[in-house]
Amino acid sequence: MSKITVSGGKPLKGRVDLKGAKNLVTKAMVAALLGDGPSELRDVPFISDVEIVSRLLQLHGVQINHAEDGTMSLDPSNVKSARMVDIDAHAGSSRIPILFCGPLLHQLGEAFIPGLGGCHIGDRPIDYHFEVLRNFGAVIEELPNGTRLSAPKGLKGAKISLPYPSVGATEQVLLTATRAEGLTELSGAAIEPEIMDLIAILQKMGAIISVDTDRVIRIEGVKRLGGYSHRALFDRNEAASWAAAALATKGDIFVGGARQQELTTFLNVFRKVGGAFDISDEGIRFWHPGGDLNPVVIETDVHPGFMTDWQQPLVVALTQAKGLSIVHETVYENRFGFTDALVEMGAQIQIYRECLGGTPCRFGQRNFNHSAVISGPTPLKGADIRVPDLRGGFSHMVAALAAEGVSNVTNVQLISRGYEHFLQKLTDLGADFTYSENE
Ligand code: EPU
């Protein structure tokens, strides 16, 4: 386990540059499996989620090269079944393996998926995924160490309706339907920018996909797909994270590669809180303009709403706003565990089971602590913290950097699942810290 010792209380100032979005790149890598020729994906970050997906693809015979500049080549010409024991070694490391199902069924007629991992921010069931796959004709067999899938009659297009616009389940449909026989109509689809970028990639490969304005996606199955050449969409979650870090530490950060279009909802809230930003062709500069920050009421939601992944870093900044802020988390039932550490550092945050936003959500009247009231401003002081999950971990680091005194933050390797060169970026922003491994 790795540890960072932070001397906080100094504004983060400088420049960080973004690469492709974790939540697109990993899926784009899986899409390459569907092609009968090589693909090239540019701006692929060096993060551990990418490493895990690379290893799983390599186990299935995909040749991968990830160059220093972030260009990744993926050649699926020799796709083969992998040994269950080798796949199983990756159990619990990521949620992406569930998306291998459709492509492997198309390429090999069978798939074996290890137990899934990912952040502990709720139960994170995969019932929609299995329902989707059954709709296409897949047969699913749960084994003690994973799931085996087959498609004895091939995969056929289907009419599917999702009970909630799940990002992963929408991607499952896309990656399965493009080569399934006949038409697929998906209603209740997620329409996050990362999904639109995946659709762009699949179109480059030869897929026929149309997106309606009412969350309906139609896919006409094709017999074969080729490779693609694509520059990945920038990581808007990382951009929002550094923006929140600038605000919480009274700093000034230029985020190279950030674009306004995919961040408009975030920018509106950032402005309402009192943060300043300046948008240029090269990126977005975020800074604390001085004076008090304002409290806000936020409800997280699927796109085009305020993303759940932006909530955690922003809560740290809201501990410095003057008055009561309310955050109603409607995507995950359990994403406020990270606030315990903030309270230990001096923040005043209370968590409620009730829906405190304007819109009752599916977690209301149930036992889920999914609304937070943050009362500020409260000075933060250094503490010993253990990183709980990716975004929560980033938030803890920001709190430690904003706090007076010394903090010891352990389990920080989790942050490298989604933030490339995290420690180097902190150094570039003038953070005062030491890092040690194997604590
Ligand atoms: N859900 C189900 N059943 C399913 C699938 C989802 O009930 O079969 C529920 C989930 O439990 C959750 C909601 O639906 O309450 C939304 O989940 P979704 O499927 O949209 O999330 P995901 O695909 O597992 C991706 C990102 C998350 C991001 C969400 C929402 C990846 C690898 N992960 O997760 O990113 O928060 O979409 O936008 O793309 C992160 O980057 O830190 C992260 C957690």
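**Asking why, starting at Asp 252**

Mentor: Let's start with Asp 252, which sits in strand S14, residues 252–256. A strand here is a DSSP run of E with at least two residues, a helix is a run of H or I with at least four, and both are numbered from the N terminus. This is a predicted model, where local features need pLDDT of at least 70, side-chain atom pairs count only at pLDDT 80 or more, and totals for chains, interfaces and linings use all residues. Residues are numbered from 1 along each chain as its sequence is written, and side-chain values use heavy atoms, leaving out hydrogens and water.

Trainee: Why is Asp 252 called partly exposed?

Mentor: Buried means under 20% relative accessible area, exposed means over 50%, and partly exposed is in between, using a 1.4 Å probe and protein chains only. Asp 252 has 21%, so partly exposed is the right label.

Trainee: What makes the pairing of Asp 252 and Arg 285 a polar contact?

Mentor: Their side chains come to 2.8 Å. A polar contact is a pair of N or O atoms within 3.5 Å; within protein, one must be able to donate a hydrogen and the other to accept it, and residues adjacent in sequence count only if both atoms are side-chain atoms. The 2.8 Å between Asp 252 and Arg 285 falls within that limit.

Trainee: Which residues does Asp 252 touch, leaving out those up to four places away in sequence?

Mentor: Contact means heavy atoms within 4.5 Å, and the list includes Leu 12, Lys 13, Phe 286 and Trp 287. Pro 11 is 241 residues from Asp 252 in sequence, yet their C-alpha atoms are 7.5 Å apart.

Trainee: And Leu 59, at the end of helix H2 (residues 48–59): buried or partly exposed?

Mentor: Partly exposed, because its relative accessible area is 22%. Beyond four places in sequence, Leu 59 is in contact with residues including Lys 80, Asp 86 and His 90. Gly 154, 95 residues from Leu 59 in sequence, is 24 Å away, C-alpha to C-alpha.

Trainee: How do you know that Ser 94 is buried?

Mentor: Its relative accessible area is 2%, so Ser 94 falls under the cut-off. Ser 94 belongs to the loop between helix H3 (84–88) and helix H4 (101–108). A polar atom of the Ser 94 side chain lies 2.9 Å from the backbone nitrogen of Ile 96.

Trainee: What makes helix H6 "mostly covered"?

Mentor: In H6 (residues 167–177), 10 of the 11 residues are buried, among them Gly 168, Glu 171 and Leu 175. Ser 166 caps the N-terminal end, with a side-chain oxygen 3.4 Å from the backbone nitrogen of Gly 168.

Trainee: What is unusual-sounding about His 421's phi?

Mentor: Phi is near 45 degrees, a positive value in a residue other than glycine. His 421 lies in the loop between strand S22 (406–410) and helix H13 (422–428). At 46% relative accessible area, His 421 is partly exposed.

Trainee: What is the peptide bond like from Gly 376 to Pro 377?

Mentor: That bond is cis, with omega near 0 degrees. Pro 377 sits in the loop between strand S20 (371–376) and strand S21 (384–386).

Trainee: Stepping back, why does the radius of gyration agree with a compact globule?

Mentor: Taken over C-alpha atoms, the rule is 2.2 Å times the number of residues to the power 0.38. With 439 residues, a compact globule would come out near 22 Å, and the protein has 22 Å, so the two agree. The protein has 13 helices and 23 strands, and buried residues make up 57% of the 439.
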